[in-house]
Amino acid sequence: MLNEDDDLVVVLGMAAAEVLGRDVVDGLTRGGKFRIQPGELAGYGIDAEDFARFQRLWYRFKVPYARASLVWWYVFCLAMGREAEGVAGALDRMGQWLGMLGGTPAAVLPRIGEALGLATDTVVVTDAELTDVAALAAAVRLHAPLVAVDDVKAARDVARAHGLGVVAAADAAVHGPDGAGAAARPPGGAGAAAQPPGGSGAALWLGPPVALRDLPAVARRAWERLADAERDELLAGFEQRVSSIERVRLLVDEEVLDNRAVVAMVAECRKADVADWSGCHLVLATVLWCWHESGCVLQELNQSLLSFPALALFLTRKARTYGGQLATAPGTPASAAPVEPDVADVVEPVGNDVVEPVGNDVVALARRLRAVRTGVEAEFERCLHFDGSNWERREFLLPRSIYRRVQRVPEGLCRHLYDSVGVELPGRTGRPEDWDRLVELALEAGSSPTRLLQEIAHWAANSPDPEVDLAIFTVPVGRKLDAPWTMEFTDLFCYTGFRDGFRPEDHGITASRVEMYNIIAQRMRYNAVKKAQNYAPVQRFAPQGFNLPDIAIAEDANHGGHTAAGIRLACRLPITVEHRGTEWNGLADVRLNRSAYRQENRFRPRDMVRGCRYTQWAKGIADATYRRDLQFAEKWAGKVRDLHL
């Protein structure tokens, strides 16, 4: 079950799609009852499989924002009731109808009922399209259009001027227009929530809405304008890139496409004329084109239904979110600050009530996003939340001035290094020269860079901030750094520091510490070797994409190695190492793990900031090691039989 409003939204969608009769809505909403228990479905004449299907569709509608426009959901479900081509056809029709809904109330309200095949004498309006479940219920009961507006009073005046009855949630009226009857309102007053300035469109779009009319036709023409060789090269690039990135789970129609399935559909596009591409092929290819142009994280669309309106919304919200961050970033130059959307990006009124849909080019929106992203990356670290149970990813930003600042070395670590290695860190600034000097002192004392990195891993595993069970440090051994794409697994050093007193069996982990170490190290080496192929003049095998820093939950849900090693809650922090003036990304990182599933155990962004100091320390020691043409110990570059130092 979802929450109370979600249950009702699902049933209302089923009624709009004519899977249920509208009388079911009356029965469910009478007396303020909104929760539907699984055992009660049959009593209301609701087929459990149908309910589960629409529940899944509503969940996918809400990805990636954890909420969705109820107007879009209503229009989609109306289309579901009329389309023989299933979800794909319904999404296409939804796009067409949403294009008609874009405009001033004077342009939209008089004609929308006829255009949608609904009541022509009544409209339902809302200025809270993300939350107004009562308005959705009214539209379903009245078989009337549901229209998002900025000003309910102004829309009411327009509707009446055209002889239309108008219903708004504020009237609590669902049986007839203008107050004829009373509506049950969902608990918590859904529909009455305050909206950001700018009304309903501002809440959904974070600013003026973008034109949605003819998006597929505009995209198809853009593909057709490309020369055959250019289009084929672009599609071939998508095949290679999708093969190398982390798991993709995109929804085309109701089919979940993983990386291989996406590559297969792109291959089909390469073999066919653009004019012959199906709607599904067109939207998938265009999503990939926008990914290529914008530099967005493709997996943020995991579990969502691909459609042109959803793509336009994603690109627009992302650009405006970035713009809002830049506007508040300290020291942002005026030239990098966000500007108001160009007239070509929004729906603009022409004359008194005619709306001209312009700027309906999603590839152009992607290019605009790229320009804003470049400014954001100068000020912020792009990071990800990852849920291993459903493959969902969400981007968030950390100011670089905070994330990458050089943090002072704690006295506790200095004491630990002195006690274990016998040398004193010469400074506390955490700067590279301190670590370089420490490596020199360790060598003079008969120790090694290997022991320094191991002791830092032990200290990190026992640090109270952040508290972790495992601290995993991976760096190149120190050979083949002139050509890292030639590296084998044995060219990577990996060491796991365990929290003192950590017992795998206490967390349901059947592997011993040694077995955990070997499982983890093998995977870390595999990842680094795959990432190194990104630098290869001729790739030996498909590369693995570079990672953004991320926070993960349920890492073991769909990964056998993580299950065996108890990798459940993780914080992954990439390192760029330097060798003879060349910087290499993807060959090193620090990973922090917690094995106990508890809400309070989840990593937070502040943990990434604290954990970033470990990457600075590891980089300092690794770079100093490579400058001296030294290597880390061979024992930790392969399978071990013990964890003795």
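## The largest pocket

In this predicted model, the largest pocket has a volume of about 1300 Å³. Its lining is made up of 45 residues, and those nearest its centre are Phe546, Asn547, Leu548, Pro549 and Asn585. By class, this lining comprises 18 nonpolar, 13 polar and 14 charged residues.

Several helices and strands contribute to the lining of the largest pocket. The helices that each supply at least two residues are α11 (228-244), α16 (400-403), α18 (432-444) and α22 (605-627), and the strands that do so are β8 (380-387), β13 (569-579) and β14 (582-594). The largest share comes from α22, with 7 residues.

## Enclosed cavities

The model contains 5 cavities of 30 Å³ or more. The largest cavity holds about 290 Å³ of space and is lined by 23 residues, with Phe61, Val63, Trp72, Ala310 and Leu313 nearest its centre. Three helices, α3 (48-62), α5 (86-101) and α14 (308-328), each give at least two residues to this lining, and the largest share, 4 residues, belongs to α14. The lining of the largest cavity divides into 17 nonpolar, 3 polar and 3 charged residues.

The second largest cavity encloses about 150 Å³. Lys531, Asn547, Ala588, Asp589 and Arg591 lie nearest its centre, among 17 lining residues. At least two residues of this lining come from each of α20 (513-532), β13 and β14, and β14 gives the most, with 6 residues. By class, the second largest cavity is lined by 8 nonpolar, 5 polar and 4 charged residues. Asn547 is one of the residues nearest the centre of the second largest cavity, and Asn547 is also among those nearest the centre of the largest pocket.

## A parallel sheet of three strands

One open sheet consists of 3 strands in the order β2-β1-β3, paired in parallel. Its edge strands, β2 (146-148) and β3 (165-168), each pair on one side only. From one strand to the next, the twist averages 35°.

Strand β1 (residues 122-126) pairs with β3 in the parallel sense over 4 bridges. In this pairing, valine 124 has valine 167 of β3 as its bridge partner, and threonine 122 stands opposite glycine 165. The parallel strands β1 and β2 are joined by 3 bridges, and here valine 125 stands opposite valine 147 of β2.

Side chains alternate between the two faces of the sheet in a regular strand. In β1, Thr122, Val124 and Thr126 point one way, while Val123 and Val125 point the other way. Residues of both groups are buried, and the strand is mostly covered, with 5 of its 5 residues buried.

## Cysteines

The count of disulfides in the model is 0. For cysteine 612, the closest cysteine sulfur belongs to cysteine 383 and lies 9.2 Å away, which is too far for a bond because a disulfide requires the two sulfur atoms to be within 2.5 Å. Cysteine 612 is buried, with a relative accessible area of 5%. Cysteine 269 likewise counts as buried, at 3% relative accessibility.

## Cis peptide bonds

A cis peptide bond links valine 63 to proline 64, with omega about 10°. Proline 64 is located in the loop between α3 and α4 (70-80). Val63 also appears among the residues nearest the centre of the largest cavity.

A cis peptide bond also runs from aspartate 465 to proline 466, where omega is near 0°. Proline 466 is placed in the loop between α19 (449-462) and β10 (470-476).

## Positive phi outside glycine

Alanine 554, a residue other than glycine, has a positive phi near 55°. It is found in the loop between β12 (550-553) and α21 (560-565). Its relative accessible area is 11%, so alanine 554 falls under the 20% limit and counts as buried.

Arginine 580 is not a glycine either, and its phi is positive at about 50°. This residue sits in the loop between β13 and β14. Arginine 580 counts as exposed because its relative accessibility of 58% is over 50%.

Conventions: Residues numbered from 1 in each chain as written. Predicted model: local features only at pLDDT ≥ 70, side-chain atom pairs only at ≥ 80, totals over all residues. Heavy atoms only, no water. 1 Å grid on protein atoms, 1.4 Å probe; cavity = no way out; pocket = protein on both sides within 12 Å on 5 of 7 lines; lining within 4 Å. Points joined across faces, edges and corners; volume = space filled by probe spheres on them. Nonpolar A, V, L, I, M, F, W, Y, C, P; charged D, E, K, R; others polar. Buried < 20%, exposed > 50% of the residue type's maximum accessible area, 1.4 Å probe, protein only. Pairing = 2+ DSSP bridges. Axes fitted to C-alpha atoms, helices over the stretch in contact; angles between N-to-C directions.
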